[in-house]
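Let's take a walk through this model together, looking at charged pairs, a helix packing and a patch on the surface. Keep the viewer open as you read.

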Amino acid sequence: MTASLSTRASLGRGPRIGRTLATLLLVLTVFGPISMDLYLPALPALTSELGAATSLAQLTVTACLFGLAGGQLIAGPLSDRLGRRGPLLVGVAAYVAVSALCAASPTVEVLIAARLVQGLAGGVGIVIAQASGRDLYNGTRLIRFYGRLTVVGGFAAIVGPMLGGALTAVMDWRGLFLVLATIGAAILASVALGFRETLPHEARTAGGFGRVGRDLRVLLSDRGFVGAVLVQGFVNSAIFAYLAGATFVLQGIYGLSPQQYAMAFGLNSAGFMVFGYLSGRFSERWRAGGMLAIGLAMCGAGATGLLVAGLAHVPLAVVMASLLLVVSGAAVTSPPSTAIALADYPHMAGTASSVLGGARFAFGGVAAPLVGVAGAFSILPLGLVSVTVIMLAATAGLVFLARPTRSTAGTPHRASRTAVVRPTPPAAPELAAELTLEGTPTCVE
């Protein structure tokens with residue numbers, strides 16, 4: 001199916017965005033990666049110092065994941081009502097304070113609780129970056145922006161563990177949390193000076209919890225939105241299982257040092273960056289369903305490799321290749337599925353972003369502790385979890401996204417994924433020609 005020249009022209013239009021603000025939106029996406037990745041090289045040392053079991057120490061990862069999910073679910077609807085700037089300043093300031101509290105935690109139980117709050121605060125920055133992008137961009141610029149978010153997230157994921165690995169040579173895990181507090185303080189200063197409000201008063205929602213409930217019912221009655229959320233949630237479960245288990249697999253089983261682990265992690269994150277960028281570019285011209293299928297196929301191949309590694313000893317290179325396929329495939333799925341979920345909802349971008357982002361981290365929070373059930377010296381749980389969640393993601397894609405969705409009473413503006421979407425104030429996201437979900441990748445002429 002092809003789009004007319006007039007439609008294609010409208011796809012690229014949008015307001016001119018200041019470079020400072022655009023950069024800040026990208027920077028806000030680092031809260032997730034740095035909160036998870038910076039201290040991962042020191043996780044075994046943290047486990048030993050606090051005298052915690054492996055599964056209990058991994059709950060510090062899980063708590064942060066649930067916090068990141070919950071923070072987005074709270075901040076997204078609030079930002080639709082109050083604007084983006086106020087909630088963002090509060091969230092980043094809280095992140096700085098609780099990161100310092102993490103550094104002072106005397107027991108693993110206190111650290112788990114502090115990590116939950118740290119995640120809640122960090123989730124504010126993530127959801128507002130995504131929602132503000134929807135405030136400012138539409139058409140191909142919107143897809144390109146989400147591709148850039150993926151690239152920046154991958155870059156932070158490279159820098160985080162590499163910086164953490166280097167810092168473990170000069171400081172303990174408590175010092176790493178102080179570094180997180182310092183990074184948060186720098187972001188807070190940048191937001192205070194350079195972040196202007198992206199949601200004008202006339203575009204904000206009115207009402208309280210009743211309005212939020214109505215918005216959620218609209219979103220959850222949309223098969224396309226639900227499908228995109230489920231695909232991203234299950235795919236990110238594999239990513240977070242990798243985050244929780246890779247440090248024990250690579251250091252405990254294959255004997256990598258913290259610095260070597262950081263380099264291996266950086267390789268995977270580089271793949272995430274490259275394929276996230278390519279996905280954002282190709283999603284501008286190809287059908288989103290085809291890009292999702294490619295990403296899920298890559299994830300499935302990698303997950304199968306991890307399962308094989310859990311059943312029989314394989315060389316380190318096989319494990320590394322499998323991990324690279326999983327994270328790169330996840331990057332391919334991110335820009336098109338995010339655009340599918342948010343393109344038709346400029347009037348409640350915060351709420352829609354909160355559901356999408358919350359699912360990513362909540363699903364990951366469930367999957368992450370499962371990789372530690374067999375202790376620190378087995379790859380099998382990581383392989384089983386990865387294969388299971390990728391199969392669930394593929395199933396969700398087939399059930400919810402394989403065919404154009406029909407309009408429902410609650411979603412009059414989403415008549416079909418292959419039709420031009422009717423303008424919805426304050427922006428007209430005419431993305432349908434770019435978001436066809438049937439068949440293989442097809443260039444839109």
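Start at Glu197, which counts as partly exposed because its relative accessibility is 26%, between the 20% limit for buried and the 50% limit for exposed. Bear in mind as you look around that this is a predicted model. The partner to look for is Arg204: this residue forms a salt bridge with Glu197, and their closest N and O atoms are 3.7 Å apart. Side chains of opposite charge can pair when their charged atoms come close.

How many salt bridges does a search of the whole structure find? The search finds four. Another of these joins Glu49 to Arg174, with 3.6 Å between the closest N and O atoms. Glu49 sits in helix H4 (residues 43-49) and Arg174 in helix H9 (residues 173-194), so this pair ties together parts that are 125 residues apart in sequence. Glu49 is partly exposed, at a relative accessible area of 44%.

Now turn to Arg84, which forms a salt bridge with Asp135; here the closest N and O atoms are 2.8 Å apart. This pair also links distant parts of the chain, 51 residues apart: Arg84 is in the loop between helix H5 (54-82) and helix H6 (85-103), while Asp135 belongs to helix H7 (residues 108-136). Are these two residues buried or exposed? Both Arg84 and Asp135 are buried. Asp80 joins the picture here as well, since Asp80, Arg84 and Asp135 are linked in a network of salt bridges.

From that network, move on to helix H5 and look for its packing against helix H15 (residues 349-367). The axes of H5 and H15 are 7 Å apart and meet at an angle of about 170°. Angles over 145 degrees count as roughly antiparallel, and therefore H5 and H15 are roughly antiparallel to each other. The residues of this contact divide into 11 nonpolar, 12 polar and one charged.

Helix H5 has one more feature to show you, this time on the surface. Phe66, Ile74, Leu78, Leu82, Leu116, Val117, Leu120 and Val366 make a nonpolar surface patch of about 660 Å². Two elements, H5 and H7, give two or more residues to this patch. Which element provides the largest share? That is H5, with four residues, and Ile74 is a patch residue that lies in this helix.

Technical notes:
Residues are numbered from 1 along each chain as its sequence is written. This is a predicted model: local features need pLDDT of at least 70, side-chain atom pairs count only at pLDDT 80 or more; totals for chains, interfaces and linings use all residues. Side-chain values use heavy atoms; hydrogens and water are left out. A salt bridge is a side-chain nitrogen of Lys or Arg within 4 Å of a carboxyl oxygen of Asp or Glu. Buried means under 20% relative accessible area, exposed over 50%, partly exposed in between (1.4 Å probe, protein chains only). Axes are lines fitted to C-alpha atoms, for helices over the stretch in contact, and angles run from 0 to 180 degrees between N-to-C directions. Angles under 35 degrees count as roughly parallel, over 145 as roughly antiparallel, 65 to 115 as roughly perpendicular and the rest as oblique. Ala, Val, Leu, Ile, Met, Phe, Trp, Tyr, Cys and Pro count as nonpolar, Asp, Glu, Lys and Arg as charged, and the others, Gly among them, as polar. Patches are made of residues with over 30% relative accessible area and no salt bridge: like charges are joined within 9 Å, nonpolar side chains (Val, Leu, Ile, Met, Phe, Trp, Tyr) within 5 Å. Accessible areas come from the Shrake-Rupley method with a 1.4 Å probe; for residues, only the protein chains shown count as cover.
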